[in-house]
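Consider how the strands and helices of this chain are arranged. The text below the display goes through the sheets in turn.

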Amino acid sequence: MFLLVWKKCLNYFKKKLSINEFSMWINPLKLKIKNSKIILYTSNKFTLHWIKEKYFKKIKKLLNYYHGNKSLKIKLEIQKKKKKKNIYLYKKIYKKKKCSNIYKKIYNFKNFITGKSNKLAYKSAYLIAKHPGKFYNPLFLYGKTGLGKTHLLYAIKNFIIKNKKNTKIIYISSENFVRNMVKSLKNNSIDKFKKYYRSTNILLMDDIQFFSNKKRSQEEFFHTFNDLIKKKKQIVLTSNCYPISIKGIKNRLKSRLDCGLSICIKPPKIQTRISILVKKSLKKNIFLKDKIIYFIAKKLNSNIRELEGAINKIKAYAFLKKKKNITLNFVKNALKDLFFAKKKKITINKIQKVVSNYYNIKLSELLSKKKSLSIILPRQIAIKISRKLTTKSLKEIGAYFNKKSHTTVIYSCKKIKTLCNNNSKIKKDYYNLLKKIS
C-alpha cells in the first residue's frame, strides 16, 4: 500500500521537476515502514537538510493525500552505512592505481550536468559513445576552458571501456601527440607511431589548437585523420575555438576538421549554474541555502571550474573558521578575492561592445568623433562604466575611445552622474548596462 503511494508521489515530482533535480534529490530517497511510521532515508546530512528545506512539506502533503490519511507520521533520517568488507584488499588495489587515473574515471555521462548551453554537445557525444563511427564523424567540440569538453571526451572513453570491451580507444591531448611524434622521430620508430594511432577504432583528441605552427605534426595528424575517416573509425576533437578560426593551422587540415559536426559549448546559463553548485556542494558535504546558491550562480558565470573552485574555497574557509552555519555574509567574505579577480577580467573592449549593442549603434560609431546625441550619450556611459569596472587609468581609458584626453574622461563620468540623478530613463539604462557587464 505505502509503496504504491510513494510511487504516485515520485511520479508527481518527476513531472514537476527537471531530470537533474529529480534524479539528484527525490529519486534516491528510500522509503521504509517502522512501527507504523514512514521513514524516508537520505544518504547524508547535507541531503537531509536540503530535502527538509525544499521538498519535505510537499512530500508530507502528497503522502497524506494519496494515502487518504492526514495524520501519517513521516520522518527524514540518514541511512546508516554498512561496514565495508575487504578494506585491506581495497587499499591494496587503490595503491596500485595512479590517483590521476581514478580521478578521470569519475567523468561519465551521468554526472555531466546539462543545460541549454551544452545539451547538443552532450547528446551528440552520448550517441557517438553508443554507436561509434555511425553518425557524426568527426565530432568537433569547441568553447572556452572549463565548460566540460574534456569531461565529454572521458565520458565517451569510460562508456566504451565499460560497454564495448574489445574496442580500441585512444585519448590524447594534441600536445602529447606532438611530444610522442618527436620522440619517435628521434628513436627512428615513426612507423610504429603511425601504426599505433592508425589502428585505433576511436581517437579522442583534446585541445587541437596546440597544433598551431607545428607543421610536421600537422602533416602527420592530417594523414592519420584521413586514414581513420577512410576506415570509418570515430574521431572526436576539442578546441578553444571554431576549427576555421584556429591560427597557425594549414587550410587543408582546417577543412578536414570542419567536415563533420562542429558544436560550440557556451558558458552555462544561471539555472545550469545553480544545478552545478547544488551537485558540487552535495559532493563536498556543504549545506548552502537557496539564496546563497543563487548569489554565487549570479556572480560567477564563466565556467564550471570557477563554480567548483568557489565551493572548494567555501569548504576550506568554513573548516579554518570552524563555521558550521554558512551565511551569505560568510560566503561573500570567503569569495571576495575570487569576485575581485572576476571584476578585473572585465575589459574596455567588452564594455564598448555591450554598450553599442544595447543602443543599437555600430562599434565604429561609438569610437568615432561624431557629436550627435545618439552617439555621445552611449559613448559617455561606456566611459563611465570603464572607469567604474576596470582598473585602467584616465589616460588609458581615453586611449580606448579614439585617444580622448583624461579631462574628457572626467567630464563624461561627471555628466553621466548628473544625468542619472535627473533622468530616470538614463539611470535605468546605466544600471541595466552595469548588470549586463558585471
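What follows describes two sheets and the helices that pack on them.

The model is predicted: local features need pLDDT of at least 70, side-chain atom pairs count only at pLDDT 80 or more, and totals for chains, interfaces and linings use all residues. Residues are numbered from 1 along each chain as its sequence is written, and side-chain values use heavy atoms, without hydrogens and water.

Helices (H or I, at least four residues) and strands (E, at least two) are DSSP runs, numbered from the N terminus. Two strands count as paired if DSSP finds at least two bridges between them.

One open sheet has five strands in the order β5-β6-β7-β4-β8, paired in parallel. Its edges are β5 (169–173) and β8 (261–264); each has a single partner strand, so one side of each lacks a neighbour in the sheet. Neighbouring strands are turned by 15° against each other on average, direction ignored (axes are lines fitted to C-alpha atoms, for helices over the stretch in contact, and angles run from 0 to 180 degrees between N-to-C directions). Inside this sheet, four bridges join β4 (residues 139–142) to β7 (residues 234–239), and L141 stands opposite T238 in β7. Helix α9 (residues 174–186) touches β5 and β6 (202–206), its direction making about 95° with that of β5; contact means heavy atoms within 4.5 Å. Helix α11 (residues 215–230) lies across β6 and β7, at about 140° to β7.

The other open sheet has three strands in the order β1-β2-β3, with mixed pairing. Five bridges link β1 and β2 (residues 37–42) in the antiparallel sense, with K32 opposite I39 in β2. Helix α3 (residues 45–54) lies across β2 and β3 at about 155° to β3.
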